[in-house]
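Open the model in a viewer and keep the selection panel at hand. The stops below can be taken in order.

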Amino acid sequence: MSYRIGVDIGGTFADFCALDEATGRLATLKVLSTPQQPGREVITGLKELGTRFGIQPGDIGYFTHGTTVGINSVIQRKGIRLCLFTTENFIDVLELARLKMPDPYHLMSSRAEPLVTRDRVLAVRERILADGRVETPLDPASLRQALDQAMALGAEGIVLALLHSYRNPAHERQAQKLIGQWAPAMPVFCSSDVWPIIREYERTATATIHGYVQPNVARYLSALQAALKQAGVAVEPMVTKSNGGVMTAELGKSACLQMLLSGTAAGVIGAGFVARQAGLDQVLSLDIGGTSADVAIIVGGTPTYGTGEMVGDFPIYIPTVSVTSIGDGGGSIAAVSEFGVLTVGPESAGSTPGPACYGRGGTRPTMTDAFAVCGIIGHGNIGYDAVSVDIDKARSAVGTIAGRLGRGPEQAAEAIIQVAVSGMYREVGKLASRQGIDPRDYTLLAFGGAGPMLGCFLARELGMGQVLIPTAPGVLSALGGLVADVKNDFISTAYYPLSAAELPRLKADFDGLARRATAWITKEQKFAGHTVLQPAADMRYLGQSFEIEVPLQMEWIAGGDVERIAAAFHAEHERLYGHAAPSTPVHVVSLRLVVVGTSPQPNFPAQPRRSDMPTPAKQVEVYLDGAWRSVPLYRRADVGHGHMLASPCVVAQEDTTICIPEGFTGAVDSYGNILLSLAK
């Protein structure tokens, strides 16, 4: 036997998917996460897979894993103490940032304090010009003075972000070598190695986040490797990446920046797989876990990508799956302000102590407690029997705010759900405006532990006509790690006109990227399967301040087809902004290349169509739309291809609970997905 194992660790649960490569059978599991002892939940889950399904460590032929260690280090500000070395007179780069207010509608808003405060940003005497020429050689004396100051400040790592190192990294490399001689135990991170982009703030901020989390991530991955080896798992573990791909855990120790958003990206990749399977072309994915709701746009089974995604208070400028995160998860805590206003999140109860209804010590009301009070959950254990729901404790927790709202527990619980949905509605509206889409043209694909509970409520508010619930929505992020390709991004600053005269330079630069990409996937990843190179260029009209990323084709570059490249830019500019200027010169700012090693995709067998009607397990009392109602409760295992579901009803399964309010009708497709349609 050979199993492919996917693991995703969230704030409350760690999710497992085990795919039998011979039969296509998928086994799923949840265990409570252990934020105080990261990695322990992985070993616990592997043992549980053996107990429940007979899957032994020696049976595992592929293991991939998503972790939140990096992003949590940033959000909680628990990374290492860094000092930043910059070129003389550029020490304010992080403080100045882009001089934008975080919230343009709040005059008192202010930017978050940088991860490296102003007193720990130190100057080094050197200067490289924008064309890569050295104007002022690196002064070793000023570097040694900066290092002495950093060590006196208690620095645990040094980030080197010198001017124009994207064009010529010589001074950063020289400084790294000298520091290595003077202080061999001091970690040193070069911005030109992390992500060599042209803009000073973006490159410095990205390198700073990398250095801030790298030791924590490296320690975690080393411990994971040792634990898996001790447990008998012989294969090299892979880790999911922010760009929706995977890489080896060994590489993840040094390229940790690329896995900061691994969990959210894996969820979107899993949603794309389900969308393709269900034949849906336009999908809005909604992943609600214990701490947040993550929304992404998927077209043709492929998610949208971008740069500048926020990690906590800070942007990172590496390519990532475009995900909008909202602080409304199943564990989000509800509170009443001093003005009597009900709020939900962003603070979360996590897994410890967790929602009050989990009986693990939590006393503050959460969204999960609200669903328990409304009778939607609590009709059996949840999370694969990891948690038994205590309705009385949920009612007690919600009761702490019900009185302040002047409502009963049920009305207060429904208000918590409504406030959470309104927050999601607002953020999805912003996303739709930025992307120029109408949500009513899309199907909402709801997953995560709480997504199927809230999906219909959000779709109803947005006017979306369809909601799709996958067969195993609670562990879809773990499945996404299984189906993700081996993938990496490469970038090179160009900064020259798009013209026939510069064509040899353009070809040479892309050839250099292709050599790096090929070496990465064959030598570092030891990937022997089918690979694809996907080129792109960041371009703008001469005189513009910002560029757009334009997908290209390798044959255009090899054939020197400048006209096709220019036409692709004009078309993309027209699509984004509604106009183009074909007679205006085009400037190439950066060249990009993505290498993709395609992973085997599971081929789940279609289910036979059933001619009978689904039988409810029982009738339950739920509080929906302002009134108690007696509704049927179905077990997901009893619902199959061809079955129809009328509303309102509840569908319970081991990894989540599906709430179908009034107005929806459900149909089960050949893969077991439930497609809910809203009556117009």
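What follows is a walk through selected sites of a predicted model.

**Stop 1: helix α13**

Select residues 451-462, which make up helix α13. With 12 residues at 1.5 Å a residue, the helix should span 16 Å, and the end C-alpha atoms lie 15 Å apart, which agrees. Now colour the selection by accessibility. Of the 12 residues, 10 are buried, so α13 is largely enclosed by the rest of the structure. The buried residues are G451, P452, M453, L454, G455, C456, F457, L458, A459 and L462. Step just past the end of the helix to G463, where phi is positive, about 75 degrees.

**Stop 2: helices α9 and α14**

Next, show residues 262-278 (helix α9) together with residues 476-483 (helix α14). At what angle do α9 and α14 pack? The angle is about 80 degrees, and the axes are 7 Å apart. That makes the two helices, α9 and α14, roughly perpendicular. To view the interface, display the side of α9 formed by G263, A266, G267, I269, G270, A271, F273 and V274. These residues meet L476, S477, L479, G480, G481 and V483 of α14.

**Stop 3: F604**

Keep both helices on screen and add F604, which belongs to the loop between β28 (586-597) and β29 (618-624). Which residues does F604 contact, leaving aside neighbours within four places in sequence? The contacts are L19, G24, L26, F273, Q277, L479 and Y671. Two of these names come back from the previous stop: F273 is in α9 and L479 is in α14. F604 counts as buried because its relative accessibility is 16%, below the 20% cut-off. For a distance check, pick the C-alpha atoms of F604 and D392: they are 41 Å apart in space, with the two positions 212 residues apart in sequence.

**Stop 4: an aromatic pair**

The structure holds 4 aromatic pairs. One of them is Y541 with F569, an edge-to-face pair with 4.7 Å centre to centre and 70 degrees between the planes. The pair links distant parts of the chain, 28 residues apart: Y541 is in strand β26 (residues 531-541), and F569 is in helix α17 (residues 562-577). Are the two rings' residues buried or exposed? Y541 counts as buried at 5% relative accessibility, and F569 counts as buried at 0%.

**Stop 5: a charge over a ring**

Select R4 and Y62. The charged end of R4 sits over the ring of Y62, 3.9 Å from the ring centre.

**Stop 6: backbone exceptions**

The last selections concern the backbone. Most residues other than glycine have a negative phi, and most peptide bonds are trans.

- A97, in the loop between α3 (93-96) and β6 (121-124), has a positive phi near 50 degrees. At 15% relative accessibility, A97 counts as buried.
- D625, in the loop between β29 and β30 (627-635), also has a positive phi near 50 degrees. D625 is partly exposed, with a relative accessible area of 38%.
- S647 and P648 are joined by a cis peptide bond, with omega about 0 degrees. P648 lies in the loop between β31 (644-645) and β32 (649-652).

How values were computed:
Residues numbered from 1 in each chain as written. Predicted model: local features only at pLDDT ≥ 70, side-chain atom pairs only at ≥ 80, totals over all residues. Heavy atoms only, no water. Phe/Tyr/Trp six-rings, centres within 6.5 Å; stacked < 30°, edge-to-face > 60°. Helix = DSSP H or I, 4+ residues; strand = E, 2+ residues; numbered from the N terminus. Buried < 20%, exposed > 50% of the residue type's maximum accessible area, 1.4 Å probe, protein only. Lys NZ or Arg CZ within 6 Å of the ring centre and 35° of its normal. Expected span 1.5 Å × (residues − 1). Axes fitted to C-alpha atoms, helices over the stretch in contact; angles between N-to-C directions. Parallel < 35°, antiparallel > 145°, perpendicular 65-115°, else oblique. Contact = heavy atoms within 4.5 Å.
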